Each structure stands twice: as C-alpha cells, then as structure tokens.
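Here are a few exercises to work through with the structure viewer open. Try each one yourself before you read its solution.

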Amino acid sequence: MDDTIAVALRVNGRTFQGRCEPRTHLADFLRHELGLTGTHVGCEHGVCGACTVLVDGRAVRGCLMLAAQADGAEVRTVEGLAAADGTLHPLQAAFVEAHALQCGFCTPGILMTLVEVLNDTPDADEAEMREALSGNLCRCTGYQNIVKAALTAAKAVSGVRGA
Amino acid sequence: MKPAPFRYHAPRSVADAVGLLAERPGARLLSGGQSLMPMLNLRYVMPDDVIDLNRIDTLAGIAEEGGRVRIGGMTRQRDLERSPVVARHLPVMREALRWVGHIQTRNRGTIGGSLCHLDPAAELPAIAMLYDAEVSAISVRGERSIAMAEFPAFYMTPALEPDEALTAVTFTPWTGRTAFGFVEFSRRHGDFAVVSAACLLGYGPDGRIDRAALVLGGVGAAPLRLPDAEARLTGSRGTSEDFTEAAAFAERIEAMDDAHAGADYRRHLARVLTGRALAQAVARPAA
C-alpha cells in the first residue's frame, strides 16, 4: 500500500521528476518534493483557496488533486509569476500598490486565481470580480483592497493588450 | 488532514476501469475530485483502491445526437458553462452552473461526479431531474440506462450497482417557445444551496403554457419534482395568480431539518423561490 509512484511534470517552465505516495495531493507535492513553498496549504478540503495553482492553464485547488494526476501536466505557481529579472507580474505590482495583503497567507492562491480571471475576462466589473474571488478566503483584509488591486491589474493588462 | 493510504489506478479505457471496479470491491471512482478528495482528506472515506477516470478521454465531451444532448460523465462543469451547445439547448443548466462552487472547483468538477455524489442541494442533479435526463451506466456485465427519476436510491446514494460507473447523461432539450428560471438561497456564494428552485415552461401556439417542469433542490433527500404545481400551470396563461397558486404547492412538501435550516424555513423558501424562478422565467423568455 505504501508503494510510491513516479510523477514527472513541468512547473513554471522547468521539468521536475519526483516520487510520492498515491495519496499525496498536488500542493503537498509542490511544497515537500519540489521545495516550492509559495503554494500554501490551508483547509485541505477545498474551501479556502490558499492552495490554488494553474494546471494546464486552469486555476484548481492543489489540495483536491492528487500529485499523480498532474503527471505530464504543465503547472504554474506563484513562483512563476514574476519575470526572471524580478520584475513583478502586473497582478503582484497592483497588490503591492493597493496594499491588498496583510499576512499574505491567502495571497498566492488569490494571485493564481486572478491569472485565469484576467486571461478570460479582463473587462470584469467589480461584481464579477467579487464573484470570481468568492473561492478564496482572506481573513485579514475584508477584500476591499484585493478587489481594487484585481481591477487595477485587469485595467493594466487590457491596456497592454489594446496597445 | 491527509488521506489514509490507498492503491491508485489510472486506467486508460472504460473497459479497464470497470474491470478494476469489478475486481476490487469497495474501490472508489475518482472523477473531478471536488467531493471525493475532501472526503479522502478528512478520512470520511478510506478506500483500499482509488480508480481515477481522468485519463479516459472518451468519457468527456458534449455531443448533439438526434435532437438530444449527450454529455460524457467526465465533462468538466467549466466546459459545460462555456459550451455553446449548452447555452443554446440547455440554458437553464448554464444558469445553474454559475451557482456551482467556484471557478477553481468548476475547472475540475464533472457532471458525472455531481450526479453520483448526489448532494441533495447540488445544482446539476436538480437540472437533470428538471429535464428527465437519462443516465448511462456501464459495468463488466453490460450497459444500461436509468431514468433520472429513478437515479436517486436514497440520501446521497445513486441507484448504481457497486460495480457500475456512470458514463454519460443525456438531455432532451425542450423545443418551441420555452422559458426558464433558476434561483437559490445560500449563506455564501458558492455554498450548497439551502433551497434552490428551477423551472422550465413551454408555450403553445395560443400563448398558453402547454408544458411545465419544476424542481426543488435542498428540501428533500434528492431533488424533488413538483407534479401538482406543474399540473396547475399546464394549460394556464402563466399569470401572476397562476404562479402564486403553483408556488403554494411548494410549501406543502416534506422538508429536511438540519443544522443549516429548519423544515419550516425550507418550506417557506421553497414557496418563495419557486415563485421567483417562475417570475424570472417570464421576465426573460428564451427563444
């Protein structure tokens, strides 16, 4: 029962190989096997959204997917957001600017959710943005500044596209 | 928490999956994982074997065939939400999907998983009940189809044999002039509904309602059709008085009593939300 299985996947453009127990979920695999501790683990039953990562371009709960299921997948985590030279992603820049985080525990999950939202609906209004963020819990901020940052980043991203 | 250890199987074909299921009693099928994974993490379930359906490509997809829409069991909720076929033929499903969890869970969650988990307040089983959908199941013994009305065996338990797997859900869209409504009440967006109400209305050439379907989620052990209310509406002009009287039937049902809401409150919501679903339908008639 404790046989480990091989998992090979790409994370933030780099190829990784590791072994884990079948029961290991993706967020634990990223943290413990690959040392990518930017992805946080909160409730482990799919409610808080802290472990959100992109798998093949889609935001998913890292705790509700087995690492074995990500074999062959393209994963993106918060470590992959900033450019190689350290330039922040527009979302990260907007979060800094709007003071959209306090303790920061929920932030990686929120950022990765918003990557998909900004890709799909960069013209989302405030109500749509709040609905899109409903799967990420933050216990510090009251969400005001998170929503503000998300809308600012959306504007920045669509501005770049329009140009 | 972490799941108890299990053996993991990732078959590439339906035949291999049902073969494994027949060999390994007590194995759990893993589809989108948005219910089973929390149950594993919390150790509500501790199966010896988990059979992952995610590597079986043939189980996902949306196809129009002979006036019907066949949706593979592994089709993601997010793909349904974005499907032009769903938008055109099953618009009430599209409306209901907005209420299913969140982006991150809809990206993984599947229609087959929702139906088999069969939470009494879940939206997709209610929509399947609304359309009298047909569920296809397979085992090593063969294939069969099950009418949605017969699919819930009891609370959160589908009428599948232990060696059977759901493969598809087939919907027959309503034709002619139709209208639809879907509303629900939950404490937080994305939560399971305390009560949800869905309706489909079909209109004849004389402008009268010639066909009606009404479903309540969250009140009984499984989604509940309201045949009395449907009969009250059929043949009517769909005036606000017709709707008020039809909605009154929703309050005469037996409702669940649990930590989230009492039975009286659920009955109250059932009437109010049925009325709102009907009002929404006529305020926004579909093609």
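The exercises below use a predicted model, and they go from the interface to a sheet, a helix and a single arginine.

**Exercise 1. The interface**

Task: How many residues of chain A are in contact with chain B, and what area is buried between the two chains?

Solution:
- Start with the contacts: 30 residues of chain A meet 34 residues of chain B.
- Next comes the area: about 2,800 Å² is buried between chain A and chain B, and carbon and sulfur atoms give 51% of that.
- Now look at the polar side: 22 residue pairs are in polar contact across the interface, both partners being at pLDDT 80 or more.
- On chain A, the elements β4 (58-61), α3 (107-120) and α4 (126-132) each supply at least two residues of the side that touches chain B.
- Finally, sort that side of chain A by residue type: 13 are nonpolar, eight polar and nine charged.

**Exercise 2. Charged pairs**

Task: What is the count of salt bridges between chain A and chain B, and which residue of chain B forms one with A:Glu44?

Solution:
- The count between the two chains is eight salt bridges.
- For A:Glu44, the partner is B:Lys2, and the closest N and O atoms of this pair are 2.6 Å apart.

**Exercise 3. A strand inside a sheet**

Task: In what order do the four strands of the open sheet in chain B lie, and which are the edge strands?

Solution:
- The order is β11-β12-β13-β14 in chain B, with antiparallel pairing.
- The edges are β11 and β14 (224-225) of chain B, each of which pairs on one side only.
- Now follow β12(B) to its neighbours: it pairs with β11 (residues 177-185) of chain B over nine bridges, and with β13 (residues 209-217) of chain B over eight bridges.
- Take B:Ala197 as a landmark: B:Val183 stands opposite it, and so does B:Leu216 in β13(B).
- Another landmark is B:Val195 in β12(B), the bridge partner of B:Phe185.
- To leave the strand, go through the hairpin: five residues lie between β12(B) and β13(B), and B:Gly207 in the turn has a positive phi of about 85 degrees.

Task: Are the faces of β12(B) covered or not covered?

Solution:
- On one side, B:Val195, B:Ala197, B:Cys199, B:Leu201 and B:Tyr203 are all buried.
- On the other, B:Ser196, B:Ala198, B:Leu200 and B:Gly202 are all buried too, so both faces are covered.
- This agrees with the tally for residues 195-203 of chain B: nine of nine are buried.

**Exercise 4. A covered helix**

Task: How many residues of helix α8 (residues 123-130) of chain B are buried, and which are they?

Solution:
- Eight of its eight residues are buried.
- They are B:Glu123, B:Leu124, B:Pro125, B:Ala126, B:Ile127, B:Ala128, B:Met129 and B:Leu130.
- After α8(B) comes B:Asp132, whose phi is positive, near 50 degrees.

**Exercise 5. One arginine**

Task: Why does B:Arg76 count as buried?

Solution:
- Locate it: B:Arg76 is in the loop between β5 (68-72) and α3 (77-81) of chain B.
- Apply the cut-off: buried means under 20% relative accessible area. B:Arg76 has 15% relative accessibility, and therefore counts as buried.
- List what it touches beyond four places in sequence: A:Arg58 from chain A is among them, together with B:Gly32, B:Asn54 and B:Arg106.
- Last, look at its side chain: B:Arg76 makes a polar contact with the side chain of B:Asn54 at 2.7 Å.

Conventions: Residues are numbered from 1 along each chain as its sequence is written. Chains are lettered from A and ligands numbered from 1 in the order in which they are written. This is a predicted model: local features need pLDDT of at least 70, side-chain atom pairs count only at pLDDT 80 or more; totals for chains, interfaces and linings use all residues. Side-chain values use heavy atoms; hydrogens and water are left out. Contact means heavy atoms within 4.5 Å. Buried area is the accessible area (1.4 Å probe) that two parts lose on being put together, summed over both. A salt bridge is a side-chain nitrogen of Lys or Arg within 4 Å of a carboxyl oxygen of Asp or Glu. A polar contact is a pair of N or O atoms within 3.5 Å; within protein, one must be able to donate a hydrogen and the other to accept it, and residues adjacent in sequence count only if both atoms are side-chain atoms. Ala, Val, Leu, Ile, Met, Phe, Trp, Tyr, Cys and Pro count as nonpolar, Asp, Glu, Lys and Arg as charged, and the others, Gly among them, as polar. Buried means under 20% relative accessible area, exposed over 50%, partly exposed in between (1.4 Å probe, protein chains only). Two strands pair if DSSP finds at least two bridges between them.
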